Amino acid sequence: MSKKYILSIDQGTTSSRAILFDYKGQVKGVSQKEFSQIFPKPSWVEHDAEEIWETVQYVLKDVLEKNDVDSNQIASIGITNQRETTVVWDKTTGKPVYNAIVWQSRQTVDICNELKTAGHSDLFRRKTGLLVDAYFSGTKVKWILDHVEGAREKANAGDLLFGTIDTWLVWKLSKGKKHITDYTNASRTLMFNIYDLKWDQELLDCLTVPSSMLPEVRSSSEYYTDVDASILGTSVPIAGIAGDQQAALFGQACFEKGMAKNTYGTGCFMLMNTGEKAIPSEHGLLTTIAWGLDGKVEYALEGSVFVAGSAIQWLRDGLKMIESSADSEELANSVESTDGVYVVPAFVGLGTPYWDSDARGAVFGLTRGTTDAHFARATLESLAYQTKDVLTAMEKDAGFHLTKLGVDGGASANNFLMQFQSDILSVPVERPKVLETTALGAAYLAGLAVGFWESKKEIKENQSIDQTYQPQINDSESSVLYNGWVKAVASTRTFR
Ligand SMILES: Nc1ncnc2c1ncn2[C@@H]1O[C@H](COP(=O)(O)OP(=O)(O)O)[C@@H](O)[C@H]1O
Ligand SMILES: O=P(O)(O)OC[C@H](O)CO
């Protein structure tokens with residue numbers, strides 16, 4: 001039977017997806033399953049790693065069954081994942097010793113403060129391109145070893161393994177045969193030197209993490225192992241791995257230096273390809289690995305916003321203002337403006353460019369006339385304002401202006417948001433036809449490794465644009481609106 005498809009696993013913060021892509025990069029079928037968000041304390045976010053694995057198995061089988069595709073028709077599997085989220089499990093039993101600590105979780109703020117007080121900030125920044133922040137995996141591993149009874153002893157004896165979600169899934173899919181990750185995921189851990197391309201003993205010592213827990217680091221596109229035949233009926237090669245934001249950069253075909261994309265998912269992540277040169281940021285951005293491919297590594301600058309689509313979920317689930325996230329568009333469009341209302345969704349602090357762990361959400365400008373529509377509109381607008389904060393920092397670091405912004409991710413389906421984004425940035429916003437660029441990027445990486453696609457040039461030809469949003473307000477109107485946001489953020493940060 002001929003190999004017609006590449007199968008992508010997109011393990012995101014709120015759901016797991018399996019997507020079948022054909023040679024043209026078109027979606028042949030999708031299966032998606034949400035899983036539980038666990039909030040043990042305010043600003044802590046955890047997942048059950050076993051539940052994640054169950055949802056991944058479910059969507060893999062479901063997408064094949066629903067679309068009448070046999071696993072024999074799959075040329076290879078690509079994995080892309082929510083990054084930084086940390087799983088520690090027992091090597092022998094395969095059982096996690098604690099919930100997965102999610103990238104958004106703030107439970108390691110105290111550990112970060114200790115590292116900063118001990119004077120380690122520069123060391124981490126210099127070697128990893130990141131910042132000492134609870135966002136990244138390193139302090140999460142340390143937290144688990146410090147807080148789970150017996151964990152440190154077991155880790156020291158070599159009995160525990162660490163992995164980001166990609167590592168956990170490959171371990172499960174290969175029935176414990178492979179403990180690996182790729183450069184992009186390793187570059188988000190605070191333990192990996194992005195210049196030497198090795199786990200860094202000095203950083204591990206600061207974090208008190210034994211090196212025996214760490215996975216082998218591989219490129220983002222190569223044959224790693226097979227999915228065990230018992231899972232899908234035949235053994236299918238796994239041949240692509242990348243963190244979801246890097247995969248989206250690849251899926252948007254941002255192969256050249258200076259090309260950037262912004263993904264609106266649970267959080268919002270803007271990445272710019274900087275080629276074979278890593279650019280250290282002076283404006284609060286992260287320097288990170290874009291991918292390891294064809295025997296070399298390329299780098300990116302990244303701005304990370306912690307709360308974006310999850311603010312819309314909060315309107316839906318917390319405030320019960322809307323029934324579905326998509327309803328936010330109609331509600332926002334039912335009013336002409338927010339009437340001066342600003343929502344700063346700093347539920348878990350603020351990421352780029354503020355890196356303020358202690359900030360918490362705030363609402364400004366309420367009047368007796370404020371309605372749910374103003375509130376929903378202001379919440380959607382906050383995604384665009386946060387993106388403007390990031391783009392401003394990125395342009396300063398890169399030293400040039402972007403001429404257009406490629407977008408993707410769940411919330412990029414929102415036309416109100418995309419138009420407002422273009423208005424606030426004063427640049428065109430381009431949305432591709434295939435919004436699943438994260439999964440597509442992982443598919444491309446997996447397909448290149450097995451010859452399904454021959455080259456990046458072939459991939460580029462698959463790209464097509466759904467809609468371009470042009471700025472509809474002038475620069476001074478846009479500045480007035482943005483200045484209100486700048487004041488709102490400043491006030492949020494002084495409230496403690
Ligand atoms: N039409 C929409 N308008 C606004 N937000 C949306 C819309 N559709 C989805 N979202 C938001 O996008 C997020 C889901 O996007 P997705 O890319 O699947 O995220 P993730 O990969 O982080 O799980 C959710 O937080 C949801 O609230
Ligand atoms: O699950 P997403 O798409 O919001 O992505 C999460 C990021 O990878 C966190 O760094």
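Trainee: Which residues surround ligand 2?

Mentor: A residue is near a molecule if one of its heavy atoms lies within 4 Å of that molecule. Ligand 2 is surrounded by G12, T13, Q82, R83, E84, W103, Y135, D244, Q245, T266, G267 and F269. Two conventions apply. This is a predicted model, where local features need pLDDT of at least 70 and side-chain atom pairs count only at pLDDT 80 or more, while totals for chains, interfaces and linings use all residues. Residues are numbered from 1 along each chain as its sequence is written, chains are lettered from A and ligands numbered from 1 in the order in which they are written, and side-chain values use heavy atoms, with hydrogens and water left out.

Trainee: By class, how many residues of the shell around ligand 2 are nonpolar, polar and charged?

Mentor: Ala, Val, Leu, Ile, Met, Phe, Trp, Tyr, Cys and Pro count as nonpolar, Asp, Glu, Lys and Arg as charged, and the others, Gly among them, as polar. On that basis the shell around ligand 2 holds three nonpolar, six polar and three charged residues.

Trainee: Which side chains have an N or O atom paired with an oxygen atom of ligand 2?

Mentor: A polar contact is a pair of N or O atoms within 3.5 Å. For ligand 2, an oxygen atom is 2.5 Å from a side-chain N or O atom of D244, and one is 3.0 Å from such an atom of R83. The backbone of T266 also takes part, with an N or O atom 3.3 Å from an oxygen atom of the ligand. Taken alone, ligand 2 exposes 310 Å², of which the protein buries 93%; these areas come from the Shrake-Rupley method with a 1.4 Å probe.

Trainee: Where does ligand 2 sit?

Mentor: On a 1 Å grid over the protein atoms alone, a pocket is an open set of points where a 1.4 Å probe fits, with protein on both sides within 12 Å along at least five of seven lines; lining residues have an atom within 4 Å of a point. A molecule sits in a pocket if more than half of its atoms lie within 2 Å of its grid points. Ligand 2 sits in the largest pocket, and the space taken by ligand 1 is the largest pocket as well.

Trainee: Where does UniProt place the feature "binding site"?

Mentor: UniProt annotations may be inferred rather than shown by experiment. The unreviewed entry places this feature at T13, R83, E84, Y135 and D244. The lining of the largest pocket includes T13, R83, E84, Y135 and D244.

Trainee: Which residues are closest to ligand 1, and how many surround it?

Mentor: Ligand 1 is surrounded by 18 residues, the closest being T14, T266, G309, S325 and G410. Oxygen atoms of ligand 1 lie 2.6 Å from a polar side-chain atom of T14, 3.2 Å from one of R17 and 3.0 Å from a polar backbone atom of G309. Alone, ligand 1 exposes 580 Å², and the protein buries 87% of that. Its shell divides into three nonpolar, 14 polar and one charged residue.

Trainee: Which element gives the largest share of the shell around ligand 1?

Mentor: Helices (H or I, at least four residues) and strands (E, at least two) are DSSP runs, numbered from the N terminus. The largest share, four residues, comes from α11.

Trainee: Which peptide bond is cis?

Mentor: Most peptide bonds are trans. A cis bond joins T352 and P353, with omega of about -5°; P353 lies in the loop between β19 (342–344) and β20 (362–364).

Conventions
Polar contact = N/O pair within 3.5 Å; in protein donor to acceptor, adjacent residues only side chain to side chain.
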